[in-house]
Amino acid sequence: MAALLDTTIVAVALDELARDLSATVTAIQWVTTSYVLAMTAVIPLVGWSVGRFGARAVWVTALGLFLVGSILCGAAWSAGSLIAFRALQGLGGGMILPVTQLVLARAAGPERLGRVMGKVGFVGQLAPISGPVLGGVLIDGWGWRWVFFVNAPLILLSLAMTWRWFPRDEVRDERRLDLVGLLLLPAGVVALLHALTGLETRTGIGTATLTAVAGAGLLAAFIARSLRRAETSLLDLRLFADRSFRSGTVMMFVLGVTSWGPMFLLPLYYQRLHDLSALDAGLALAPQTLGVALASLLAGQYADRLPPRPLALAGMAAATMGTLPFVFATRDTDTLLLSAALLLRGAGFGVAALPVSVAVYRTLRPAAIPHATSTSTVVQRVGAATGTALMAVILQAGGFAPALTWMFVLTATGLVMAASLPGRESPRRSP
């Protein structure tokens, strides 16, 4: 729950962080981006680590890293130190979520995956709902450092629960770790995102272009090497030959862009354009995650009985409609109206996200689940980092009006992409 809480609790702290640490918008967005990129970098380790050391050991290690990172973030003295400590925190958070997903997928099986994910999604969304509000309370009452310190008791409680209830490990896999791939993939992604943030000024275009070429080259080398090494690679890219996995994973990237980018943008919008306090901004954002939670619970009842495409299309249509009012929003727009729009937007994402997650596993063999979890989650986190960096660049260059318009355009793109998901009723298992 702490890792989920941290995805939104920091959002309402960004405005105060920028002022207190004397950082620009594009600099302070790395507080979020470094966390997401660290989560992305460590996710490919999950499948190998679980096979080598067992899910229980990986889970305890992840909680420990997250705890240490959280305490160090609370003690940070500059933007640079905070960004570095957020990366450490992200290493732990990056393992927590996929290990949870992997254990659930194994326990539920393909026939009950939608129902289980729906119920767990509802419980999991309690953290994002409370995140902005709790963040506002902590910031207004004790300052931004307590946004990170609050994780400590939650992690300690999780460790105690792990000792009592976490399932024991199964047979171990002695597959070797692809260290070269582990270096190529994060380096390529970081280079591309660094190039993106360098586009905010004309003087940085030349450097950004060279960095982008280097990043693209690193990713191309990673892909070529992974296809050659097949099952021994960091990520099993052969899974993309499965249509359901391919379309679901691409859609997860789109959802990462369209949900995480606005998660960075909207708190700043409320605090800077509507002059809301951190707590009031958190309350204004809560309807979106409330919509996600309720819709996830409802969609879970149908995700196992319906093909992914109609649910995802309906969800993304609702999310697009809920985003449209922000295109025309001004300083004088009633925040209650915008909160109602966020409720619809969140409900749309809640309906769309679950069938997308089910599509990823829909036709795969059980043995492929760990590799599918790692690969799809990496793609989603890369989308999240891309969305955050993109929104920061647009906001820094053009202000809130263009950024809000792009928020709508990206969400509408998700609606178009949802049409690529499988429309067949019955899942077929890959050989």
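How many residues does helix α8 have, and what distance does the helix reach from its first C-alpha to its last? In this predicted model, helix α8 covers residues 151-165, which makes 15 residues, and reaches 21 Å between those two atoms, close to the 21 Å expected at 1.5 Å a residue.

**The protein as a whole**

The secondary structure comes to 16 helices and zero strands. The protein has 431 residues, and buried residues make up 56% of them. Among the contacts with a separation of 6 or more, 85% are accounted for by residues 24 or more positions apart.

**Helix α8 and its two faces**

The buried residues Asn151, Ala152, Ile155, Ser158 and Thr162 belong to α8. They lie on the same side of α8, because the arc they cover around the axis is only 120°. On the face turned away from this buried side, α8 carries the exposed residues Pro153, Trp163, Arg164 and Trp165.

**Helix α4 and its contacts**

Two residues of helix α4 can be described in turn. Ala62 is found in this helix, which runs over residues 55-74, and Leu63 lies in α4 as well. Ala62 has 0% relative accessibility and therefore counts as buried. Leu63 is buried too, with a relative accessible area of 2%.

Leaving aside neighbours within four places in sequence, Leu63 is in contact with Ile96, Ile155, Ser158, Leu159 and Thr162. Of these partners, Ile155, Ser158 and Thr162 are among the buried residues of α8. With residues up to four places away not counted, Ala62 touches Gly92, Met95 and Ile96.

Each of the two residues also has a C-alpha distance to a residue further along the chain. Ala62 and Gly94 are 32 residues apart in sequence, and their C-alpha atoms are 7.9 Å apart in space. For Leu63 and Leu91, which are 28 residues apart along the chain, the C-alpha separation is 9.8 Å.

**Helices α11 and α15**

Helix α11 (residues 243-273) packs with helix α15 (residues 369-398) at an angle of about 35°, and the two axes are 7 Å apart. The crossing in which α11 passes α15 is right-handed. Sorted by class, the residues of this contact are 16 nonpolar, 10 polar and one charged.

Which residues does Thr388 contact, once its neighbours within four places in sequence are left aside? They are Gln29, Thr32, Thr33, Trp260, Gly261 and Phe264. Thr388 is found in helix α15 and, at 0% relative accessibility, counts as buried.

Thr375 also lies in helix α15. Its relative accessible area is 1%, so Thr375 is buried. Not counting residues up to four places away in sequence, Thr375 touches Leu235, Asp236, Leu239, Phe240 and Phe245.

**Helix α16**

Helix α16 spans residues 400-417, and its 18 residues should span 26 Å at 1.5 Å a residue; the end C-alpha atoms are 26 Å apart, which agrees. Its buried residues are Phe400, Ala403, Leu404, Met407, Leu410, Thr411 and Gly414. Because these residues cover an arc of only 120° around the axis, they are on the same side of α16. They pack against α11, α13 (308-327), α14 (335-361) and α15. The exposed residues Ala401 and Val416 are carried by the face of α16 turned away from the buried side.

**Two loop residues with positive phi**

Most residues other than glycine have a negative phi. Ser22, a residue other than glycine, has a positive phi near 55°. Asp275, likewise other than glycine, has a positive phi near 55°. Are these residues buried or exposed? Ser22 counts as exposed because its relative accessibility is 69%, and Asp275 counts as exposed at 58%. The table sets out the place and values of each.

| Residue | Place | Phi | Relative accessibility |
|---|---|---|---|
| Ser22 | loop between α2 (14-20) and α3 (25-53) | near 55° | 69% |
| Asp275 | loop between α11 and α12 (278-299) | near 55° | 58% |

Note on methods
Residues are numbered from 1 along each chain as its sequence is written. This is a predicted model: local features need pLDDT of at least 70, side-chain atom pairs count only at pLDDT 80 or more; totals for chains, interfaces and linings use all residues. Side-chain values use heavy atoms; hydrogens and water are left out. Helices (H or I, at least four residues) and strands (E, at least two) are DSSP runs, numbered from the N terminus. The expected span of a helix is 1.5 Å times one less than its number of residues. Buried means under 20% relative accessible area, exposed over 50%, partly exposed in between (1.4 Å probe, protein chains only). The arc is that of the directions from the helix axis to the C-beta atoms. Axes are lines fitted to C-alpha atoms, for helices over the stretch in contact, and angles run from 0 to 180 degrees between N-to-C directions. A crossing is left-handed if the near helix is turned anticlockwise from the far one by less than a right angle, and right-handed if clockwise. Ala, Val, Leu, Ile, Met, Phe, Trp, Tyr, Cys and Pro count as nonpolar, Asp, Glu, Lys and Arg as charged, and the others, Gly among them, as polar. Contact means heavy atoms within 4.5 Å.
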